[in-house]
Amino acid sequence: MTNPPMIALQDAMKKYDDGPPALAGVTLSVASGECVAILGHSGSGKSTLLNLIAGLDKPSSGTVTVDGTRVDQLGEAGSAKYRRASIGMIFQFFNLLDDLTVLDNVMVPAQLAGMGKGEAKRRAVELLGSLGIDRHAKAYPQRLSGGQRQRVAVARALMNKPALLLADEPTGALDSSSAEDVRRLLLDLNSEGQTIVLVTHDVQLAASTARRTIELVDGAVERDVVNDGSGAGLAARTPLTRPAGAVG
Amino acid sequence: MSALGKVVRSGVGRRRVQSLVMALTTFAAVTSSVLSLGLLAVVQAPFEHAFSARNGAHLAVQFDGSKATAAQAAATAHAAGVTGAAGPYPIAAALDTTVGTDCPDKDFAGHDNGPITVTTRPDPGSTSGMDQLVLTQGRWPTGPGEIALPWQHFATVCFGDSVVFSSLPGKPSFKVVGFGGSVTNSATAFATADGFARLTAAGAKSDVQMLYRFAKAGTDADIATDKQAVAAAAPAGAVEGGQSYLTAEQQATGNAKAFVPFLIGFGILGLFMSVLIIAIVVSGAVASGIRRIGILKSLGFTPSQVARAYTAQAMIPATLGVVLGTVFGNLLAVPILDGATKQLGAAGATIPLWVSAVVPLGTLLIVGTTALIPALRAGRMPTVQALVAGRAPKAGAGRTAQRLASRLPLPRAMSLGLAQPFARPARVVLVGAAVLFGMVGVTFAVGLGSSFNKYLDTSTSGFNVASEFVIPTADVGVPWGRYGPNDPRRPHLDAAKVAAALAGTPGTKAAFGWGESGATIVGAPPGGELPKVFTVTGDVSWTKMELLSGRWFSAPGEAVVGDKLATTVGIHVGDDVTVVQQNKQLPLKVVGINFDTNVGDYTVMTDAATFTAAGLAPHIEQFNVELADNVSGSDWSTSAAAALTPLNASVQPHSDGGKNIVVITMGALVATLTLMVVAVAALGVLSMVVQDTRERVHDLGIFKALGMTPKQTIAMVLTSVSLTGLIAGLIGVPLGVAVEKATLTPMGNAIGRHLPPSVSHVYTAGLLVPLLAGGIVIALLGALLPAGWAARTRTATALRTE
């Protein structure tokens, strides 16, 4: 008996207004403990895919199931609770709250979930320590470097011990040194069993971080390949999934 | 459409809520201002004009003819402070009259016409000298059988027929040939010298009247001083009474003028709120549109064009509010002014045109200036700075508050909301000010409303207190006051027998009888309502009749005077007041001043035994009965009927007295204006929270991405205004109480009353505690809609918003 996938999209389609679909009936699955990179150019639908998985948006048709939860069927409150419990998110521009200290930023998801202040603080300090930024706990995000801010964002994302970590261009706003720092962090987390979906347009980052890369083109899965770590064969591999009627 | 026009139109369109708020607030301000200023002008102007044109007398003094000769009265023209005098004129006060039987209208023929005060002038039609009389219909009397009096003192349908002096021997009769009178009601009937002689020959007591103008006569205190000077110049005790022009003015303008103090209050409040809301909205538009301003300027808009664009965005809705407010204010004035000017013969009850021009233009000037200040700031903003600065709050703002709030034992969503306003302290001040003004308005209005209700409460005090009433059987089903008190058809009760019957009826706990004696009061103001002298038998202590000073009468010869009469005439406890019935005078010692709005303006109450002892006839027309506990009204009535029926008396169930239409109108007006003020305050909050929500939409996206539920989002937004609302409420309530206190007294004065604590002290703890929480309620009301919008914001979109 095989374990159910952590993420399962079945013919997930998202259409805005009268234009072409942003996501054109994607079917894919991600196993627990996998680190999958979603690769694609701007407008390819990778952020839309991430939003559907995070419950930030709903598919126009098809289903999205994460950790056994039909995300596409959740209401606003249900989506919020799902994100609290199952999802950690990190963003290209960090999305930290400037008027809260680093510690308070990290504590927010746990506190919104109802965790006691003392317990939330203990866990936040522990996370900040494990990510090597505990000395900045009382600082405000604007005083930190890009890499440090992204580490804070990672700590915040991990605060509620989510089943799934979604990273949207996590190195996009970082210098190369900080980007490498974050890449290693993601690798470490994955090696500890954290399921990660990494959205990026950086082929090298995808190849070096994820064990599997899904390439989106015009809202459809163009390729779905297992990486060898170099990224060199990405363009030559045969897609594992190709939805009917997808463009390109 | 020009580029500037398009920018203005799109600006108004983008801020529909704020535009609505600006329109509403100016609407409220202008409505109140037009009404208050208009009422002041309308109710004051006709009297002032007539008083000036007719060279009215500041004071008309009546000298006792038995104590001062005409020459002695005339000599008082040289008293201190007198700048002009007229007289002496012979005068006969408070003579009972009936409408002659020659009147073709059966409803009036032979009926009581009330007491009138007759004088004679050498030339009543004179257009020079003091207190020139004005004729509104017919002509002045030329023969001994003719008389003229004001239209209010005789049935119009009986004009040309006779008036009969019913209490004088021989009942002399005069033909009413004219309607006319004095602007200050110095007398209520005018006869020729020969005609006057007919009255004195028939037994009327002839006194002497002098009219005066003084150097200083602006206030009641001035007039009182002047009156003392006149009295000092006359033989001791000769002054019987004095009629101040201020009393006449109050009688002519009182009801309408009573609206003015609170309308001024609301007008000022509305204007403050207009300025505040315009400042909030335009500053907010500038603050949140900095990038837009940068783009406009980069496209070639000049600073002046930018300033004009932002001023116009405020002026368009403000102008709409101003126009509608002017129209609404004029429309509201019609029912309020109806009848207010009739007494002075003014043509119409409409607000003068200049008020409808000055108020809107002044308001537009004020709001225009208010809008121009931030608009100029927008115009002067350097383009690059505008493009770069965007609209993010300054880094660091509100951090301390966030740190402190995070320590509070509150759910995180609430502690986040609590600290949020500190990121923009100026905005908090504006929100707080909107709520504060709203709470001042609410507190002020609730106080006024409670006072009005107390004033209106005709069922719990005085002559309306009873479990059951007993009235003459002939009066059952007949409207109260159909026949005058001296009308022979008016039925009375046999007081002693009815009292005995009631005492013998099981279940009677207490009872007293009372009635309008038909007597009048020497020196009572001749204008306005007719004075009434009530005779009372039995114990009235259980009726909660309110004494403003002194005590209730307890011995023969004592009386209690109504506060309006006391205020108007200047009667104090310890003074004497003389009542006259059927030409018989009875001096009474005033031992108390009472407050009762139910039985008339000018009242005296005394024991029926006092009348009987002096040879006057007390009238007892009703018994008020208090039943013992657990006694059924219907059972008692059945039981009492057996004893009362042979006495031509019947039980009538208790019913509420009539409502005072002026007070009802005021209550409705206060409620309307309060709703407008609360709506404007809440919309002011809404406007700010909408702006805040727009600016924080990205943060909202982050919170929601981190798992903030819609309920938590709503809680955060609502909490963000609650502290401000609470503080504004705590400040606004005492201010509102102060405004109410400052307004109620002049309102009472305008209707000639000293309001007792039961009417003026209405802010009980039970009222104040909810009021203190009212600030939060207004703030939450205003924030509720934007909180819902915030909760519904699409997270993915919000996260993309910069």
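This is a short talk on the packing, the chain contact and a few backbone oddities in a predicted model with chains A and B.

Okay, let's start with chain B. Its secondary structure comes to 24 helices and 21 strands. The chain has 802 residues, and 56% of those count as buried. If you take the contacts in chain B with a separation of 6 or more, 86% of them join residues 24 or more positions apart.

Now, the nonpolar cores. The largest one holds 199 residues, and the members that touch the most others are A:I38, A:V197, A:L198, B:A434 and B:V685. So which helix gives the most to this core? That's α13 of chain B, residues 425-456, with 17 residues. On the domain level, chain B puts in residues from domain 1, which is 1-55 plus 261-391, and also from domain 3, which is 396-458 plus 659-802, so the core lies between those two. There's another core apart from that one, with 110 residues, including B:V99, B:V163, B:V230 and B:V239.

Let me zoom in on B:A434, since it came up among the best-connected members. Skip its neighbours within four places in sequence, and what is B:A434 in contact with? You get B:L276, B:I277 and B:I280, and then B:A681, B:G684 and B:V685. B:V685 is a name you just heard, on that list of residues touching the most other core members.

Next, the contact between the chains. Chain A brings 24 residues and chain B brings 23 residues. On the chain A side, the elements giving two or more residues are α2, at 76-86, and α3, at 102-112. Of the elements there, α2(A) gives the most, with 6 residues. As for chemistry, that side of chain A has 11 nonpolar, 5 polar and 8 charged residues.

Back to chain B for a helix pair. Two packed helices are described by the angle between their axes and the distance between the axes. Take α20, residues 710-750, and α22, residues 765-772: their axes in chain B come within 9 Å and cross at roughly 140°. Antiparallel would need an angle over 145 degrees, and α20(B) and α22(B) are therefore oblique to each other. Who's actually meeting whom? From α20(B) it's B:G729, B:L730 and B:V733, and they meet B:L768, B:L771 and B:L772 in α22(B). By class, this contact has 5 nonpolar residues, 1 polar and no charged ones.

Last bit: backbone geometry. As a reminder, most residues other than glycine have a negative phi, and most peptide bonds are trans. Here are some exceptions to look at on your screens.

The peptide bond from B:G87 to B:P88 is cis, with omega near 5°. B:P88 sits in strand β2 of chain B, residues 82-99.

Then there's A:D11, not a glycine, but with a positive phi of about 50°. You'll find A:D11 in strand β1 of chain A, residues 7-14. Is A:D11 buried or partly exposed? It has 14 C-beta neighbours inside 10 Å, so it counts as partly exposed.

And B:N185 has a positive phi too, about 55°, again without being a glycine. This one is in a loop of chain B, between β7 (173-181) and β8 (189-191). With 23 other C-beta atoms within 10 Å, B:N185 is buried.

That's my lot, thanks.

Methods
Residues numbered from 1 in each chain as written. Chains lettered and ligands numbered in written order. Predicted model: local features only at pLDDT ≥ 70, side-chain atom pairs only at ≥ 80, totals over all residues. Core = buried A, V, L, I, M, F, W, Y, C linked by C-beta atoms within 7 Å. Buried ≥ 20, exposed ≤ 12 C-beta atoms within 10 Å, placed from the backbone. Helix = DSSP H or I, 4+ residues; strand = E, 2+ residues; numbered from the N terminus. Domains from an automatic or database assignment. Contact = placed C-beta atoms within 7 Å. Nonpolar A, V, L, I, M, F, W, Y, C, P; charged D, E, K, R; others polar. Axes fitted to C-alpha atoms, helices over the stretch in contact; angles between N-to-C directions. Parallel < 35°, antiparallel > 145°, perpendicular 65-115°, else oblique.
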